[in-house]
Amino acid sequence: MRPGPRNLITDVAGLAVGHASDARIKTGATVLVGARPFVAAVHVMGGAPGTRETDLLAPDKLVQEADALVLSGGSAFGLDAASGVADALRTRGRGFVVGDQTVPIVPGAILFDLINGGDKAWGENPYKTLGAVALDNAAADFALGSVGAGTGALIADLKGGLGSASAQWGGYTVGALVAVNALGRVTVGDGPHFWAAPHEMGREFGGLGPASGFDPGAVPPVKGGAGRNTTIAIVATDAALTQAQATRMAIAAHDGMARAIWPSHTPMDGDLVFAAATGARALGDDTAVPLMLGHMAALCLSRAIARGVFAATPAPGDVQPTWGARFG
């Protein structure tokens, strides 16, 4: 197993990612869009999620595919980012055809970044525009760190960020995209070592290796309170998965969140993982393949979380330091 050539979720052929950021508000939106509709699923393990159109991603529902997935800041206001994406896709003729109408399927999830030092006194909700701009910016290559949905993200003791990673095995590709805004920490104790370090490939987030030890009985420092936290993610593959199989991949990917954030899946986090499957590669009858796809999704997500925080950059008015400013 190895990272893909970009070490981004867009190593899954046919997918593109775009960001839109507002430095004054300290927020943004990130869009994952397919060249064609893809099978989509979701699994939520946090206690405080904020979502749009996630009910239709259940395997027993009529619509099995989505046109795009949206991650956004802004708490409940940020759900409007998906409306901007849907409007723009409709003008392109993308969507679920109902009679003479075309309805883009654009599920989304949000994180809370309303108390991060940015100017939130907007006169009109900015997120619809941010979503449309992010879609226009969609490409195979994209930035990590303090961009898109990760622009204003915070964790317990550092700035959060937008991360991505990929892995290839057996002819299949899996990737992860994540906006890290967790209640807890991604580093061990007061040091620079990432909880995800045992899963690092190369020096993708500094190459420091695991911490030499930690106190398992220590009470973890956390930030904020109810409704102020969330790690929202997408895992994707080129395998031809059913919606039920994609749901299992999303469930498995949550293990990567637990490996990279301490603590994770708390009552005050809205931790959520979307799954996307483009269907470019047949799954076959080998039962080991779905197992490995879930394992790869968890591996990619843990690495993407660390990469997002590692790549965060400072900005005026920040209320938390970046990993680089504190440890670099």
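Modeller: A crossing of two helices is right-handed if the near helix is turned clockwise from the far one by less than a right angle, and left-handed if anticlockwise. We will use that for the helix pairs here. This is a predicted model, where local features need pLDDT of at least 70, side-chain atom pairs count only at pLDDT 80 or more, and totals for chains, interfaces and linings use all residues. Residues are numbered from 1 along each chain as its sequence is written, and side-chain values use heavy atoms, with hydrogens and water left out.

Colleague: Let's try one pair. At what angle do helix H3 and helix H4 pack?

Modeller: Two packed helices are described by the angle between their axes and the distance between the axes. Here helix H3 (residues 243-260) meets helix H4 (residues 288-310) at about 35 degrees, and their axes lie 7 Å apart. H3 passes H4 in a right-handed crossing. Helices (H or I, at least four residues) and strands (E, at least two) are DSSP runs, numbered from the N terminus. Axes are lines fitted to C-alpha atoms, for helices over the stretch in contact, with angles from 0 to 180 degrees between N-to-C directions.

Colleague: Which residues of H3 meet H4?

Modeller: On the H3 side they are Met249, Ala252, Ala253, Asp255, Gly256, Met257, Arg259 and Ala260, and their partners in H4 include Leu293, Gly294, Ala297 and Ile305; contact means heavy atoms within 4.5 Å. The residues of this H3 and H4 contact divide into 11 nonpolar, 3 polar and 2 charged. Ala, Val, Leu, Ile, Met, Phe, Trp, Tyr, Cys and Pro count as nonpolar, Asp, Glu, Lys and Arg as charged, and the others, Gly among them, as polar.

Colleague: And how far apart are the axes of H1 and H2?

Modeller: For helix H1 (residues 80-91) and helix H2 (residues 127-136), the axes are 6 Å apart, at an angle of about 50 degrees. H1 passes H2 in a right-handed crossing. Among the H1 residues in contact are Asp80, Val85 and Leu89, while H2 brings Tyr127, Lys128, Gly131, Ala132 and Leu135. The residues of the contact of H1 with H2 split into 7 nonpolar, 3 polar and 3 charged.

Colleague: Now the backbone. Which residues does a cis peptide bond join?

Modeller: Most residues other than glycine have a negative phi, and most peptide bonds are trans. In this model, the cis bond is between tryptophan 262 and proline 263, with omega about -5 degrees. Proline 263 sits in the loop between H3 and strand E11 (272-281).

Colleague: Where is lysine 26 found?

Modeller: Look in the loop between strand E1 (15-22) and strand E2 (27-44). Lysine 26 has a positive phi of about 60 degrees although it is not a glycine.
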